[in-house]
Amino acid sequence: MANALKIGVAGLGTVGASLVRILQTRANALTVACGRPIMVTAVSARDASKDRGILMEGIAWYADPVEMAKEADIDVFVELVGGAEGAAEQSVRAALVRGLHVVTANKALLSRHGVELAKLAEAKGCLLNYEAAVAGGIPVIKTLRESLTGNNFSRIYGIMNGTCNYILTRMEREGLSFADCLKEAQRLGYAEADQSFDIEGNDTAHKLSILTTLAFGCEISADQIYLEGITNISIEDIHAAADLGYRIKLLGVAQKTESGIEQRVHPTMVPLDSVIAQVDGVTNAVALESDILGELLMVGPGAGGNATASAVLGDITDIAKSRPGAQEVPVLGRPAHLLEPYRQAEMQSHEGGYFIRLTVQDRTGVFASIATKMAENAISLESIVQHSKQPAAPDRPQTIILVTHATMESAVRKAVGAIKGEGYLIGEPQVIRIERPKT
Ligand code: NAP
Ligand code: HSE
């Protein structure tokens with residue numbers, strides 16, 4: 001039997017502790033599957049006194065993950081600390097410089113430093129595996145990186161943040177408040193250390209940037225992604241969407257257009273009868289549209305200790321099995337020096353349907369004025385309805401809901417700007433884009 005593969009795990013939180021527990025409790029089965037034992041020989045976290053339900057016998061403890069990466073007796077460095085900079089970034093870099101294989105679940109890190117780290121790994125002949133970085137337990141990285149080579153992708157999109165999908169689902173199903181749902185997602189280990197990354201859409205943007213690179217062969221770019229989170233989505237929007245035959249999901253979408261790659265993250269209305277509308281709770285879904293295969297929709301657990309550890313474990317066992325030529329699978333789907341510059345399409349030129357909710361003073365002519373502003377901007381309306389549950393009264397605000405046919409983002413922004421200038425709006429208009437999945 002081949003020598004044991006020695007693993008160092010940096011970060012023993014939700015994912016790291018689950019991973020070590022699985023490696024310890026399934027040691028025999030993993031040895032059989034990989035043809036060699038996989039042994040955790042070093043770990044690192046901040047608090048050495050915390051009981052994490054793992055056996056520490058024979059495992060070296062490091063307070064500093066960078067020191068562990070530089071000195072520990074390990075073959076593989078597993079980074080589960082989190083964050084684009086600091087200990088995570090420095091330790092991964094140190095491990096690669098030392099010639100260790102690296103496994104990480106850190107999408108923030110890859111989104112910021114992925115290209116340099118891929119170049120470093122390729123120069124050193126090391127593997128840099130990151131299946132858990134996108135969509136938790138769904139094997140979308142391996143699918144894009146290895147199984148679908150040769151396909152030309154036109155659009156990739158999906159629900160890539162378990163926390164947001166969990167919040168939106170529970171708000172809709174149980175009428176719970178946003179704050180209560182978020183607290184529960186944190187308790188269950190779904191949320192990022194800084195939960196604003198989840199609810200403001202940054203986490204989805206990090207994941208989308210990685211998928212965009214794998215699908216379209218361009219350098220990673222997250223800073224220019226159009227970003228809207230779910231913090232402005234009210235229960236009123238969720239109910240109005242349902243009345244119109246839609247459900248609201250936080251989607252990440254990357255689409256090839258003539259002017260470049262359109263990348264956007266925003267709350268999105270999807271038809272109730274689409275598959276993606278049925279994806280509930282912490283579950284994620286990623287759709288890949290390509291010319292040879294057609295559409296592939298992958299659905300599965302998107303966050304949480306075990307689901308994420310399952311993906312990390314897959315990356316580790318790939319290394320343990322040392323498939324011939326494994327080092328030749330480029331980190332980002334093609335050799336990092338051959339990635340093309342990222343060319344961004346303007347959000348203003350996005351074309352699609354829109355849901356617009358306006359709260360207005362109940363005055364004669366308001367309805368007509370709104371319809372006129374839409375027409376002046378060449379926006380064709382699918383419907384316009386007064387949506388208020390209460391009867392009209394002189395001082396009672398009224399809700400007007402519009403759904404447009406496919407139109408340009410620039411036209412919608414101009415029309416909404418013009419409506420705002422009319423003086424009858426109360427509060428900010430709500431604008432939610434509509435996406436039409438193929439299935
Ligand atoms: P977590 O529960 O917050 O755990 C982070 C761990 O890192 C803790 O054990 C912490 O130590 C340790 N740590 C933090 N700073 C450190 C430092 N400077 N030096 C040494 N150790 C340090 O995070 P997590 O949820 O497991 O997530 C880990 C990574 O996986 C992140 O990149 C995250 O984005 C990614 N991820 C998470 C999920 C999920 O569902 N949770 C899913 C996919 C990907 P202490 O325990 O001592 O505080
Ligand atoms: N916070 C992330 C989520 C973890 O909720 O999806 C998985 O990447």
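The space taken by ligand 2 is the largest pocket, a pocket being, on a 1 Å grid over the protein atoms alone, an open set of points with protein on both sides within 12 Å along at least five of seven lines, and a molecule sits in one if more than half of its atoms lie within 2 Å of its grid points. The model is a predicted one, in which local features need pLDDT of at least 70 and side-chain atom pairs count only at pLDDT 80 or more, while totals for chains, interfaces and linings use all residues. Residues are numbered from 1 along each chain as its sequence is written, ligands are numbered from 1 in the order in which they are written, and side-chain values use heavy atoms, without hydrogens and water.

Around ligand 2 there are 13 residues, of which Lys107, Thr163, Tyr190, Asp198 and Lys207 come nearest; a residue counts as near if one of its heavy atoms lies within 4 Å. Two nitrogen contacts can be followed here, since a backbone N or O atom of Tyr190 lies 2.7 Å from a nitrogen atom of ligand 2, and a polar side-chain atom of Asp198 lies 2.7 Å from a nitrogen atom of ligand 2. Lys207 places a polar side-chain atom 2.7 Å from an oxygen atom of this ligand. The protein covers 93% of the 250 Å² of accessible area that ligand 2 has on its own, with areas taken from the Shrake-Rupley method with a 1.4 Å probe.

Ligand 1 is surrounded by 26 residues, the closest being Leu12, Asp47, Arg52, Glu192 and Gly304, and this shell divides into 11 nonpolar, nine polar and six charged residues, where Gly is counted as polar and Asp, Glu, Lys and Arg as charged. Oxygen atoms of ligand 1 lie 2.9 Å from a polar backbone atom of Val15, 3.0 Å from one of Arg46 and 2.6 Å from a backbone N or O atom of Gly304. The protein covers 85% of the 900 Å² of accessible area that ligand 1 has on its own.

The domain assignment, which is automatic or from a database, divides the protein chain into domain 1 (5-138 + 305-338), domain 2 (141-301) and domain 3 (354-434). Between the centres of domain 2 and domain 3, taken over C-alpha atoms, there are 27 Å, and 16 residues of domain 2 are in contact with 15 residues of domain 3, contact meaning heavy atoms within 4.5 Å.

Note on methods:
A polar contact is a pair of N or O atoms within 3.5 Å; within protein, one must be able to donate a hydrogen and the other to accept it, and residues adjacent in sequence count only if both atoms are side-chain atoms. On a 1 Å grid over the protein atoms alone, a cavity is a set of points where a 1.4 Å probe fits but cannot get out, and a pocket is an open set with protein on both sides within 12 Å along at least five of seven lines; lining residues have an atom within 4 Å of a point.
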